[in-house]
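This report goes through one protein chain, from its overall build to selected details. Please look at the sequence and the structure before reading on.

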Amino acid sequence: MSLRLRRPAPLTKEHQKGDFDSGDHSKDEWLRRHAGQGRPLDTAATWVIADQAMAVVGYVALAMTAVDASAAPESLRRQAPRAVPALLIGRLAVDRRAQGRGVGTALVAHVLATAVELREKAAFRAVLVDSADPADPAAVSWWKRFGFEPLTPGSTKLFLASQDIARTLETLS
Ligand SMILES: CC(C)(COP(=O)(O)OP(=O)(O)OC[C@H]1O[C@@H](n2cnc3c(N)ncnc32)[C@H](O)[C@@H]1OP(=O)(O)O)[C@@H](O)C(=O)NCCC(=O)NCCS
């Protein structure tokens, strides 16, 4: 795998994803089998970092969602509708051969920069991560690095309030 990586870009048919191996089988399978359908179906926008040969080295999938206010902290539900609008990070993974080189962090930075742009045109209270597996505390600790916190104590869903995105982005630049 080449070390010279491309900037984050939308997943296209030109990208090679057959050999992607993050160590998390379900995330690998999702990229191989379902990510390509997300864009035409308007269910998920997958952004990838690829190497010079167009092999996918890391990806993140984005969609819009809503958080049930009854399962949200006061800061998110204050003066908000029952379905609190949020930007969803559905999945994020980096190929094992490229882990530890800043690709995951670059994908998070890309998502947060995208969130800043989106927030000018549409409103959402938080960025939500829906891939925190209670059986995988490593995933939770990864998101906490960027200021994400559980919606409720012990929740598998983590959030970063929209008003805090810029602060996290500053720490990444
Ligand atoms: C977790 C994952 C996305 C990290 O991607 P990456 O490209 O290796 O991460 P980066 O190189 O940008 O960052 C490396 C830093 O994050 C830390 N880190 C890596 N995984 C971590 C984790 N699960 N929890 C906390 N910190 C973690 C490293 O120790 C390193 O810290 P340092 O910069 O202080 O040395 C990647 O390992 C992965 O895809 N794992 C399998 C899928 C998964 O578990 N996804 C979790 C998020 S949904």
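The text below covers the fold, the surroundings of the ligand, one helix pair and three single residues.

**Overall build**

The model is predicted. Its chain has six helices and seven strands. Read from the N terminus, these elements follow the order β-α-α-β-β-α-β-α-β-α-β-β-α. The radius of gyration is 16 Å, close to the 16 Å that the globule rule gives for 173 residues, so the chain is as compact as a globular protein of that length. Along the principal axes, the C-alpha trace spans about 50 × 30 × 30 Å.

Of the 173 residues, 34% count as buried. Among the contacts with a separation of 6 or more, 65% are between residues 24 or more positions apart.

**Around the ligand**

Which residues come nearest to the ligand? They are Q99, G104, T105, A138 and W142, out of 20 residues around the ligand. Three elements each supply at least two residues of this shell: β4 (83-94), α4 (103-121) and α5 (137-144). The most comes from α5, which gives four residues. Sorted by class, the shell holds seven nonpolar, nine polar and four charged residues.

**The pair α4 and α6**

Helix α4, one of the elements that supply the ligand shell, also packs against helix α6 (residues 165-172). The two helices meet at an angle of about 140 degrees, and their axes are 10 Å apart. The crossing of α4 past α6 is left-handed. On the α4 side the contact is made by T105, A109, L112, A113, A115 and V116. On the α6 side it is made by I165, A166, T168, L169 and L172. This contact has nine nonpolar and two polar residues, and no charged ones. T105 appears in this contact and is also listed among the residues that come nearest to the ligand.

**Two residues with positive phi**

Most residues other than glycine have a negative phi. D42 departs from this with a phi near 55 degrees, and M54 has a positive phi of about 70 degrees. D42 is in the loop between α2 (35-41) and β2 (45-50), while M54 is in the loop between β2 and β3 (56-68).

Is D42 buried or exposed? D42 counts as exposed because it has 9 C-beta neighbours inside 10 Å, and the cut-off for exposed is 12 or fewer. M54 has 14 other C-beta atoms within 10 Å, so it is partly exposed.

**A residue in β7**

F159 lies in strand β7 (residues 158-161). F159 counts as buried because it has 26 C-beta neighbours inside 10 Å, where 20 or more are needed. Leaving aside neighbours within four places in sequence, F159 is in contact with L76, A86, A126, V127, L128, F148, E149 and L151. K144 is 15 residues away from F159 along the chain, and the C-alpha atoms of the two are separated by 9.4 Å.

The table sets out the C-beta neighbour counts of the three residues.

| Residue | C-beta neighbours inside 10 Å | Class |
|---|---|---|
| D42 | 9 C-beta neighbours | exposed |
| M54 | 14 C-beta neighbours | partly exposed |
| F159 | 26 C-beta neighbours | buried |

Notes: Residues are numbered from 1 along each chain as its sequence is written. This is a predicted model: local features need pLDDT of at least 70, side-chain atom pairs count only at pLDDT 80 or more; totals for chains, interfaces and linings use all residues. The radius of gyration is taken over C-alpha atoms; the globule rule is 2.2 Å times the number of residues to the power 0.38. Two residues are in contact if their C-beta atoms, placed from the backbone, lie within 7 Å. A residue is near a molecule or strand if its C-beta atom, placed from the backbone, lies within 6 Å of it. Ala, Val, Leu, Ile, Met, Phe, Trp, Tyr, Cys and Pro count as nonpolar, Asp, Glu, Lys and Arg as charged, and the others, Gly among them, as polar. Axes are lines fitted to C-alpha atoms, for helices over the stretch in contact, and angles run from 0 to 180 degrees between N-to-C directions. A crossing is left-handed if the near helix is turned anticlockwise from the far one by less than a right angle, and right-handed if clockwise.
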